[in-house]
Structures are given as C-alpha cells and as structure tokens.
Amino acid sequence: MAKYPLIKSTLKERLLGGHYTEGLPLPSEPQLAREFEVSRMTARRAIDELEREGYVYRVQGAGTFPTGKRFRQGMFRVRPFKEWARHPDHRTTVLRAMQIEATPEIAIVLQIQPGDPVIFVHRLRTAGDEALVIEKRYINAALVPGLLDHNLGVESIHETMVTLGVPLARVEQNLEAVNLRQEEADLLRVPLGTAAFLLRRTTYSGQKRASYVNYWVRGDRYAFQDTFEP
C-alpha cells in the first residue's frame, strides 16, 4: 500500500498539534524520506499537498514552514442540490461519471480496501456563463448499484442514494481556503493560484462511510452564512 496518505496525514496531525515550531522549518524532504522509508519524490508529494491546502509554505533556499494552527470555529450549512437545480439559470454538467478502483488514498477515506469498486462523479456547476463550483465525489459502489443509471446532471446524489435504499445518517464537513491548481483554475476560468473555498464532506450510512466529496467554490462569488442561537 502506498505510504503517501500516511505521510500526509501524519504531518497534518503534527502541524495541527503544534509539533512544529512556527518560524522554524519542517524536516527537509530527504529527512522525511528517511523517517518514513520512502523516496524523496513521495515525501515531496505530501508536502506539495499540504502547501496547496495552506498548512505550510516554502521559502526558496530556506525550507518549508508551518503556516500556523487552523482553528475550528462555528457551524455552516450548504444549500441542498435540489435548491440549486431549481433555479432556471443554474446548470450542472457531468464531466465524468464512472466506476473505478479505489486508490490507496480513497480507500483510507471511505474505509474500504484499495482496488474495491468506487463510483466517481465529477460535476461542474454554472450560473449563466459563469463556472462556480467543481465537485469530485467518491461513493462506495457496493452500497449503491444502479446509481450510474440515473441522470446525475439534474438529480441529487444524496436523494438518489436514499431512493436506492441507502439511509444517510450524518454528514461531516470541513471548509478551508486554498489556492487553485491548474486543473481547477481552468475549469473555473480563473488564473492559476486564485483563492477559493475547498469544502470537504463525508457522508455516513450507519457507521459506514458512503460518500466523500470535494467542492472547489469560487471565493469571489460565494459567501457562507448561518443563523444560530448564541
């Protein structure tokens, strides 16, 4: 099994836990490669992802530094897909919808085995001529045979899963600010490195993880709002 997901998650836990001192560099890529007994390229991949997600930053000739702890604050809700689709100016384009084999990374997230069947859905939401939201979703295929027979350009995936007999118990979600990579920037038609929101959402059916999705959301077109009792 690939060690990249383990390296990334271990470093993230250390960063969030204050293991690395702010203002001082993290261990170098060769040091990380020796610690985890992997190639330097594998260590660099983990650092690249952490940099893209905003946990670290690089200084040429000086090393990689922690950006500081991320504080978890408050609640937020996201409008259901059916409310989005109801607007006459809104469109959802299915870029890809297919069954694939779980990579080591996705297997860890969905708590399945590498190579197990996973349904991958890649969608783009637009309002008029503007691309606003990219969605990449991974679903445990063993739970929802027949999902790919539905029109996922207009149907809510969550509601379709319930219709197919998969009760959804709870949702865990996390919202972060990131800088867009080339793939996402091209789809949203903004410059490389543009700031955006990254919403990660895991949906459970009972104790099983049924679905994991990443949403890249245009930061200049979206604001998140909630109302609650103090």
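In this predicted model, the buried residues of helix 1 pack against helix 2, helix 3, strand 1 (56-59), strand 2 and helix 5 (104-110). The buried set of helix 1 comprises Tyr4, Pro5, Ile7, Lys8, Thr10, Leu11, Lys12, Arg14 and Leu15. The end C-alpha atoms of helix 1 are 18 Å apart, in agreement with the 18 Å that its 13 residues should span at 1.5 Å a residue. Just after the helix, glycine 18 adopts a positive phi of about 75 degrees.

Three residues of helix 1 recur in the nonpolar interior. The largest nonpolar core contains 16 residues, and Ile7, Leu11, Leu15, Leu26, Leu32, Leu50 and Val56 are those with the most contacts inside it. Two or more residues are contributed to this core by each of helix 1 (4-16), helix 2 (29-36) and helix 3 (40-52). In soluble globular proteins, nonpolar side chains tend to be buried together. For leucine 11, the contacts beyond four places in sequence are Tyr20, Leu32, Ile47 and Leu50; of these partners, Leu32 and Leu50 are also listed among the core residues with the most contacts.

Strand 2 (residues 63-66) includes threonine 64. Threonine 64 has a relative accessible area of 12% and is therefore buried, the cut-off being under 20%. When residues up to four places away in sequence are not counted, threonine 64 touches Pro25, Leu26, Ile47, Val56, Tyr57 and Arg58. Leu26 and Val56 from this group are among the core residues with the most contacts. Ile47 is a contact of threonine 64 and also of leucine 11.

Definitions and conventions
Residues are numbered from 1 along each chain as its sequence is written. This is a predicted model: local features need pLDDT of at least 70, side-chain atom pairs count only at pLDDT 80 or more; totals for chains, interfaces and linings use all residues. Side-chain values use heavy atoms; hydrogens and water are left out. Helices (H or I, at least four residues) and strands (E, at least two) are DSSP runs, numbered from the N terminus. Buried means under 20% relative accessible area, exposed over 50%, partly exposed in between (1.4 Å probe, protein chains only). Contact means heavy atoms within 4.5 Å. A nonpolar core is a set of buried Ala, Val, Leu, Ile, Met, Phe, Trp, Tyr and Cys residues joined through side-chain atoms within 4.5 Å. The expected span of a helix is 1.5 Å times one less than its number of residues.
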